[in-house]
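Open the model in your viewer and keep the selection tool at hand. The stops below say what to select next and what is there.

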Amino acid sequence: MENLVVVVLGPKKSPIIEDVFSSVAHSGCHIMDARVNTTDTHVTMTILIGGAWNTIAKFEAVIKKYDDQILVARTQVRTAQPDSFPYTSYIVAPDTPDVLTKITEFLAEQEITLYNIQVESYKAPITEAAMLGISVAFGFPATHLVADFREHFIVFCDENNFDVAMEPQKN
């Protein structure tokens, strides 16, 4: 099985979303992961598709008409990591420009493998303070003690005025 990452940036009023999903289906590929976001004027998509080499090639040929709006790259899905424990964390933080830099630098220093980060900005109820809700999925090395990491993570978040919850991923 081959895999392809597809990243799209296009105008919202174009049929690009429908065309990409239709092209996946008509080429015989299947969608393994998809994220779509729209603004008032644009749409962004990140999708991971899978299929036989010939169906991936068929998709690449059909989607060429959007060359100026689509980036495609052959890739491999993440391999099993039995020496890593999957965890998720939810962080609530004030919306400042350096929040994600601080979080990703801390996790890199702790030898954490990032799987996914999702960020949502919002206004807090009552005060309307600008806030971020940050979901992080990561792999924790089995050679490290969870209690030690959890303590360091909580101290880091406390020092930065972040609220955090961390738990193992379940099915």
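**Stop 1: two loop residues**

Select Ile126: at 88% relative accessibility, Ile126 counts as exposed, because exposed means over 50% relative accessible area, buried under 20% and partly exposed in between (1.4 Å probe, protein chains only). Ile126 sits in the loop between E6 and strand E7 (130-141). Helices (H or I, at least four residues) and strands (E, at least two) are DSSP runs, numbered from the N terminus. Check the backbone of Ile126: phi is positive, about 70 degrees, although Ile126 is not a glycine.

Before moving on, note that this is a predicted model: local features need pLDDT of at least 70, side-chain atom pairs count only at pLDDT 80 or more, and totals for chains, interfaces and linings use all residues. Residues are numbered from 1 along each chain as its sequence is written, and side-chain values use heavy atoms, with hydrogens and water left out.

Now select Glu111. Glu111 lies in the loop between helix H3 (99-109) and strand E6 (113-123). Glu111 is not a glycine, yet its phi is positive, about 60 degrees. With 54% relative accessibility, Glu111 counts as exposed.

**Stop 2: strand E3**

Select residues 42-51, which make up strand E3. Is E3 largely enclosed or not? Seven of its 10 residues are buried, so E3 is largely enclosed by the rest of the structure.

Add strand E1 (residues 2-11) to the selection. E1 and E3 run antiparallel, joined by 10 bridges. Two strands pair if DSSP finds at least two bridges between them. To see one bridge, pick Gly10 and its partner in E3, Val43.

Next, add strand E2 (residues 30-38). E2 pairs with E3 over eight bridges, also in the antiparallel sense. Here, pick His30 and its bridge partner in E3, Gly50. E2 and E3 form a hairpin, with three residues between them.

While you have strands on screen, turn to the side chains. In a regular strand they alternate between the two faces of the sheet.

**Stop 3: Ser27**

Select Ser27, in helix H1 (residues 16-27). Ser27 is buried, with a relative accessible area of 4%. Which residues does Ser27 touch, not counting those up to four places away in sequence? Show Thr55, Lys58 and Phe59. Contact here means heavy atoms within 4.5 Å.

Now look back along the chain. The side chain of Ser27 reaches the backbone oxygen of Val24 at 2.9 Å. A polar atom of that Ser27 side chain also lies 3.0 Å from the backbone oxygen of Ser23.

How values were computed:
A polar contact is a pair of N or O atoms within 3.5 Å; within protein, one must be able to donate a hydrogen and the other to accept it, and residues adjacent in sequence count only if both atoms are side-chain atoms.
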